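Reader: Please take me through one part of this model closely. I would like the sheets of the first chain, the helices packed on them, and then how that part sits in the whole.

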Amino acid sequence: MQPMIQARTLAKRFGEVVAVRNISVSVMPGSVYALLGPNGAGKSTTINMLTTLLKPDQGSITINGHDVERESDLVRRVIGVTFQDLVLDRDLTGREALDFAGRLYNIEASKRRARITDLVEMVGLGDAIDRMTGTYSGGMRRRLELARCLMMEPKVLFLDEPTQGLDPQHRALIWDYIRMLKTQQGMTVLLTTHGMDEAEALADVVGIIDHGKMMHEGTPSALIGQLGSDLIRLSGTFTHLHTPEWTSEQWVTSWQASETEIRIGVDIGARRITQVIEFVNQSGNTIEEVSITRPSLGDVFLQATGRALRDER
Amino acid sequence: MYTATHTIWLRHMRKFFRNREELGGLIIQPILWVALFGIGMGRMLPGDGDYVSFMLPGILALTALGSATGGGMMFLDERLRGILREYQVAPIPRMSILLGHILATVSKSFFQIFIVLSVAFVAGARISGDIGNLAMSVVALILFAVGFASIALAVAMRSKSIMGYHGMIFLFNLPMLFASNALYPLENVPTWMRWLAMFNPATWYIEVARPAFAVHTPIMSSLIALTLLCAFVAWSIQIALSRFRAMTS
């Protein structure tokens with residue numbers, strides 16, 4: 001099967017600032033791909049290049065088998081895009097916003113009406129659809145945006161931070177829509193997020209990017225699995241620490257240490273913890289807290305980038 | 001191409017007639033221009049007193065320039081807020097996005113021009129040319145409006161802020177008219193200013209438009225002026241289009 005989205009070695013710089021360096025992304029039809037990274041990591045720049053809004057300095061992109069640069073119209077015909085900042089016209093009603101979107105895609109009037117009825121039902125906007133969008137809450141706007149980019153029945157959806165600024169109920173609602181579009185309509189979705197839980201909940205494949213580089217890529221379970229099945233965390237003061245010899249042994253999957261925190265991925269936490277504590281204590285350090293947890297995508301991110309996600313929810 | 005242009009135009013017009021503030025301003029503005037400029041200034045000038053008819057084409061040009069400024073502003077607002085991206089990801093020619101905006105600007109401008117004309121005729125302006133003069137005058141006004149609507153868009157495509165845009169666009173407004181024969185005849189101005197006026201699209205427009213309203217001493221053939229106006233429109237649309245295409249790089 002051919003990938004629906006295939007981007008090779010993308011790079012983009014704005015003057016001195018390198019926004020994206022050498023990012024490759026491949027998304028199979030009917031799957032959800034999440035680009036995960038902090039603000040300013042290059043997510044929006046990447047999505048802008050994928051959606052024909054920005055020309056890459058280097059690299060190539062094909063969507064649905066068509067080259068984004070040379071066959072941009074064919075690409076534009078199959079993509080639906082929502083943007084990070086809401087782009088609704090406040091002086092139009094929700095229905096008009098959808099109707100104008102349909103007109104842009106040359107959908108005839110009767111089909112537009114039917115499609116609007118379906119979509120309004122799907123995103124549950126009800127009577128509010130005939131109100132000016134200026135009166136909408138953030139959640140309603142996101143739902144309308146989603147409905148708008150579905151007007152022309154796209155094959156591929158690009159959602160830039162689809163749940164940014166939403167309350168938990170609305171986030172769950174948007175997640176449900178995305179899952180439904182994938183399972184019921186076989187839609188391919190590429191979304192960006194800085195929410196670990198979002199990526200974990202929705203994505204078949206996660207790409208972690210930071211400073212414009214792809215740090216890690218894989219299924220959420222494989223990425224988490226790389227860290228071992230358990231994660232031992234020690235906090236305290238670790239000024240006299242060297243990497244122990246046993247980090248090369250089979251049961252250790254990862255080792256990461258700073259002066260205040262040590263994280264060790266291991267096979268079975270309960271069995272290895274005594275050895276770990278003994279080692280740290282012997283070298284003359286002070287342990288304040290110990291915990292054993294299942295690693296999360298957040299830990300994967302920390303491992304990959306050496307820092308926690310800003311604004312993590 | 002046609003559908004997309006029409007859609008974008010329609011969307012702007014619907015917003016326009018819904019926006020009472022914008023609508024009110026556009027209606028009152030030309031009334032003030034004719035009243036203050038035409039009648040007030042006419043009294044100060046010696047002569048037969050038909051200054052309103054003389055400067056009517058100038059006021060129409062001013063109206064078109066004002067609309068162009070507003071059109072560019074609208075585009076800049078859509079660009080900065082990201083609304084423009086909805087058009088950019090749609091499978092429509094880039095030219096249709098541009099034309100939709102230009103047509104919306106020109107439509108608003110003619111809505112206003114209609115009001116200016118009504119007020120001016122009440123204030124004593126009259127048509128002195130024949131039907132041919134009048135037709136030429138309308139064509140010239142459309143060309144002038146389209147040209148400056150395109151230039152304002154081209155400026156709005158590069159501006160980083162609203163302030164920056166206004167700084168740039170101010171250059172095209174009043175100075176443009178004062179460096180032409182739109183508001184006063186060129187007989188008494190210094191030679192360098194007369195030369196400047198020769199290269200000014202506002203002058204070309206006036207050359208074609210004024211004979212319909214007032215006695216006019218031509219400074220160039222109206223056919224040449226019309227040709228220059230056409231070239232100006234082609235050039236300005238080309239600039240806007242190439243800048244628009246460059247926005248993706």
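**Chain A, sheet by sheet**

Author: There are ten helices and 14 strands in chain A. The model is predicted. Chain A has 313 residues, and 43% of them count as buried. Its C-alpha trace spans about 75 × 40 × 40 Å along the principal axes. The domain assignment splits the chain in two: domain 1 covers 5-222 and domain 2 covers 228-294. The centres of domain 1 and domain 2 of chain A, taken over C-alpha atoms, are 41 Å apart.

Start with the sheet that holds β1 of chain A. This sheet is open and has four strands. Their order is β2-β1-β4-β5, and the pairing is antiparallel. The edges belong to β2 (17-27) and β5 (66-67) of chain A. Each of these two has a single partner strand, so one side of each is left without a neighbour in the sheet.

Now look inside the sheet. Strand β1 of chain A takes in residues 5-14, and strand β4 of chain A residues 58-63. Five bridges join the two, which run antiparallel. One bridge can be named by residue: A:I5 has A:I63 in β4(A) as its partner.

A helix covers this sheet. Helix α1 of chain A, residues 43-50, packs on it and touches β1, β2 and β4 of chain A. The direction of α1 makes about 120° with that of β1(A).

How many residues of α1(A) are buried? Eight of the eight are, so the helix is largely enclosed by the rest of the structure. The cut-off behind this is 20 or more other C-beta atoms within 10 Å of a residue's own. The buried residues can be listed in full: A:K43, A:S44, A:T45, A:T46, A:I47, A:N48, A:M49 and A:L50. In an α-helix there are 3.6 residues a turn, so residues three or four places apart point the same way. Just after α1(A) comes A:T52, with a positive phi of about 70°.

Next, a hairpin. Strand β9 (residues 205-210) and strand β10 (residues 213-218) of chain A run antiparallel, joined by five bridges. A:I209 has A:M214 in β10(A) as its bridge partner. The hairpin of β9(A) and β10(A) has two residues between the strands. A:H211 takes a positive phi near 50° in this hairpin.

Move on to the sheet that holds β12 of chain A. This one is an open sheet of four strands with antiparallel pairing, in the order β12-β13-β11-β14. The edge strands are β12 (252-257) and β14 (286-293) of chain A, and each pairs on one side only. From one strand to the next, the twist averages 15°.

Take the pair at the β12 end. Strand β13 of chain A, residues 261-266, runs antiparallel to β12(A), and five bridges join them. A:A257 stands opposite A:I262 in β13(A).

This sheet has a helix across it too. Helix α9 of chain A, residues 269-282, lies across β11 (230-237), β13 and β14 of chain A. The helix runs at about 165° to β14(A).

Step back to the whole of chain A. Take its contacts with a separation of 6 or more. Residues 24 or more positions apart account for 70% of them.

Chain A also meets chain B. The contact involves 21 residues of chain A and 19 residues of chain B. On the chain A side, the elements that give two or more residues are α2 (72-78), β6 (79-82) and α3 (94-104). By class, that side has ten nonpolar, three polar and eight charged residues.

What does the partner consist of? Chain B has eleven helices and zero strands. Of its 249 residues, 46% count as buried. The C-alpha trace of chain B spans about 60 × 35 × 35 Å along its principal axes. A compact globule of 249 residues would have a radius of gyration near 18 Å, and chain B has 18 Å, which agrees. Among chain B contacts between residues at least 6 apart in sequence, 80% join residues at least 24 apart.

Definitions and conventions: Residues are numbered from 1 along each chain as its sequence is written. Chains are lettered from A and ligands numbered from 1 in the order in which they are written. This is a predicted model: local features need pLDDT of at least 70, side-chain atom pairs count only at pLDDT 80 or more; totals for chains, interfaces and linings use all residues. The radius of gyration is taken over C-alpha atoms; the globule rule is 2.2 Å times the number of residues to the power 0.38. A residue is buried if 20 or more other C-beta atoms lie within 10 Å of its own, exposed if 12 or fewer, and partly exposed in between; C-beta atoms are placed from the backbone. Two residues are in contact if their C-beta atoms, placed from the backbone, lie within 7 Å. Domain bounds come from an automatic or database domain assignment. Ala, Val, Leu, Ile, Met, Phe, Trp, Tyr, Cys and Pro count as nonpolar, Asp, Glu, Lys and Arg as charged, and the others, Gly among them, as polar. Two strands pair if DSSP finds at least two bridges between them. Axes are lines fitted to C-alpha atoms, for helices over the stretch in contact, and angles run from 0 to 180 degrees between N-to-C directions.
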